[in-house]
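Here is a short guided tour for anyone who enjoys reading a fold helix by helix. Take a look at the sequence and the structure, and then we can walk through them together.

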Amino acid sequence: LRESEAAPYGDSVALAREAAAEFENGVRVGILLQQLGGRRPGALKELTTPVAKLYNWNLLLPELREYGVYVDADMKVLIVAGDTDIVVDVVKQLHVHAHSPGPQGGAAARGDRSDRGAAEASAGIGTPPAAPNEARSPEEFLAICLHTQLHSCSWGEALQMVGEPSLRRLSRKLAHGERGDHETAVRYLKLAFAHCRHLVALCGASEANAERALALLQPGLSSTEANVALWTSRLLCRIASELTQRGGQAVLWLWFSRPDGGASAMIEAWRAHPELHSAGSLLPMVLHFSGDNVEQFISHVLPQLLAEPTPYLTFALELLPLLSATAGMPSYIRYSGALQYLVQRALHVARLPYAPPLGRGRALELLAQLWSSFPDELQTIRLEASADAVAAAAAEDGASQDAASVVLTELKRGCRDSDFELQMGVHVALFRLLDRFASTNHPAAPALFKALAFSLIENHHEAGARPLF
């Protein structure tokens, strides 16, 4: 649009759905490149399917690099998934670099900041960078993201927000949004995510920089809006992944494990937003920031943050699929003692006679999931008879003292529990174990079949249990 046509809309222009779709699949970006004097990539697909988007953007990336616009793999995934905010940022970068006189760009964008930017410069605040990838410190990087995305946030105000030791104003913005609207806060995080590579480079300059960047992002996990917490988690995980490759794991664990650090904020978000409990949302932070300290997180940090048995066991249950799917993790948690700690903690709760049925049910479910996820590792763990009543149970069944046999004994007890819902939950867990072990010819499958057969005989009078059998 010409300037006169865009004026009625202020800073934003409303596009028809068809035009927006052509930006998302890259077709109009290709036209822009051609009009800027470059060569338009040929054979761009006019479709809006994910495959067509991926194909088009793969063709566009080399042309965009010539204008100083870098789209990495994470940004490309978000574009293909339909994230229009990332597309808008790419177009903005292209505009800035295309209208700048030098190869690094930025002069035109600095001029576009007009009256407010000039007033701040004259007041000694300085001129804001044209884009986040021109920032010289983590504070400046996040300040330009705030200044760009938050309404009525001047450059000076953005610098004050990131410069406060308490981060009170920044925390309030991220927690409650602008007049209850969190859209600008989400866009702020997406912009930081899009330029994360530059932020990581700034963090890699010193541990102090990394600590400050993590501290500035932490308030996002305490937001009342799930999307803000989600994008904060994604951004933090990406920073952690790239810093780990640069040898910065120590500062990540230091920030994550301290009492008021990242793990505490993550648990706060986990409690506040049940919709984020899927393994792809908050929980990857545990692996990214713990690194080789997963055992310390499970046995020391997490029990301090979730002192009650039921929340602790629930979190462990949700973390388990992530642990079992991570390469090298089964042997690590076996030899580090994390697996034995989880088994013993679950056994302790399951055997408490006056514990709530919900807590005991969670404990038995965790025992079954641990056996299903780490069957070979569990058989190598020996439990001390003096720690609990394992010896009597083992002697009764003629089994050894390995953890797998102890878990089976405890699940058998659960089948006879006085709480009917707990009984049904244990039966379901046994059927799942039998299905998994029978399909892999595991030697424990006959014992599980036997336990379920005897339970059928014992519970034949229970009408509610018959559908299970």
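Is Leu 167 buried or exposed? Leu 167 is buried, with a relative accessible area of 7%. Before we go further, please keep in mind that this is a predicted model.

## Overall make-up

The chain has 28 helices and 0 strands. Of its 469 residues, 50% are buried. Among contacts between residues at least 6 apart in sequence, 65% join residues at least 24 apart.

## The nonpolar core

In general, nonpolar side chains tend to be buried together in soluble globular proteins. Here the largest nonpolar core holds 136 residues, and the members that touch the most others are Leu 64, Phe 297, Phe 315 and Trp 371. Helix H15, residues 226-245, gives the most to this core, with 11 residues.

Leu 64 is a nice one to click on. Setting aside neighbours within four places in sequence, Leu 64 is in contact with Val 29, Leu 33 and Trp 57, with Val 69 and Val 71, and with Val 90 and Leu 94.

## Helix H4: two residues, two settings

Helix H4 covers residues 50-65 and includes Asn 56. Leu 59 is found in H4 as well. How buried or exposed is each of them? Asn 56 is buried, with a relative accessible area of 0%, whereas Leu 59 is partly exposed at 30%.

What does the side chain of Asn 56 find there? One of its polar atoms lies 2.8 Å from the backbone oxygen of Lys 45. That distance is within 3.5 Å, so the pair can be considered against the cut-off for a polar contact. Beyond neighbours within four places in sequence, Asn 56 is in contact with Asn 25, Val 27, Leu 44 and Lys 45. As for Leu 59, its C-alpha atom is separated by 9.2 Å from that of Gly 30, and these two residues are 29 apart along the chain.

## Two helix pairs

A pair of packed helices is described by the angle between their axes and the distance between the axes. Let us start with helix H2 (residues 17-24) and helix H3 (residues 27-35), whose axes come within 4 Å and cross at roughly 75 degrees. Angles of 65 to 115 degrees count as roughly perpendicular, and H2 and H3 are therefore roughly perpendicular to each other. On the H2 side are Ala 19, Glu 22 and Phe 23, which meet Val 27, Arg 28, Val 29 and Leu 32 in H3. By class, this contact has 5 nonpolar, no polar and 2 charged residues.

Further along the chain, helix H19 (residues 294-305) packs with helix H22 (residues 338-350) at an angle of about 40 degrees, with the axes 7 Å apart. H19 and H22 are therefore oblique to each other. H19 contributes Glu 295, Ile 298, Ser 299 and Pro 303 to the contact, while H22 brings Ala 338, Tyr 341, Leu 342 and Arg 345. Sorted by class, the contact of H19 with H22 has 5 nonpolar, 1 polar and 2 charged residues.

## Buried faces of H5 and H16

In helix H5 (residues 73-80), the buried residues are Met 75, Lys 76, Leu 78, Ile 79 and Val 80. After H5 comes Gly 82, with a positive phi near 95 degrees.

Helix H16 (residues 249-257) has Gln 249, Val 251, Leu 252, Trp 253, Trp 255 and Phe 256 as its buried residues. Which helices do they pack against? Their partners are helix H14 (207-217), H15, helix H17 (262-272), helix H18 (284-290) and H19.

## Loops worth a closer look

Leu 167 returns here: this residue is in the loop between helix H10 (155-163) and helix H11 (168-176). Although Leu 167 is not a glycine, its phi is positive, at about 55 degrees. Asn 441 is also a non-glycine residue with a positive phi of about 55 degrees, and lies in the loop between helix H27 (420-439) and helix H28 (445-458). Their surroundings contrast: Leu 167 is buried, whereas Asn 441 counts as exposed at 69% relative accessibility.

Finally, Gly 247 has its place in the loop between H15 and H16. Gly 247 is exposed, with a relative accessible area of 65%. Its C-alpha atom is separated by 9.0 Å from that of Gly 204, a residue 43 away along the chain.

Key
Residues are numbered from 1 along each chain as its sequence is written. This is a predicted model: local features need pLDDT of at least 70, side-chain atom pairs count only at pLDDT 80 or more; totals for chains, interfaces and linings use all residues. Side-chain values use heavy atoms; hydrogens and water are left out. Axes are lines fitted to C-alpha atoms, for helices over the stretch in contact, and angles run from 0 to 180 degrees between N-to-C directions. Helices (H or I, at least four residues) and strands (E, at least two) are DSSP runs, numbered from the N terminus. Angles under 35 degrees count as roughly parallel, over 145 as roughly antiparallel, 65 to 115 as roughly perpendicular and the rest as oblique. Contact means heavy atoms within 4.5 Å. Ala, Val, Leu, Ile, Met, Phe, Trp, Tyr, Cys and Pro count as nonpolar, Asp, Glu, Lys and Arg as charged, and the others, Gly among them, as polar. A nonpolar core is a set of buried Ala, Val, Leu, Ile, Met, Phe, Trp, Tyr and Cys residues joined through side-chain atoms within 4.5 Å. Buried means under 20% relative accessible area, exposed over 50%, partly exposed in between (1.4 Å probe, protein chains only). A polar contact is a pair of N or O atoms within 3.5 Å; within protein, one must be able to donate a hydrogen and the other to accept it, and residues adjacent in sequence count only if both atoms are side-chain atoms.
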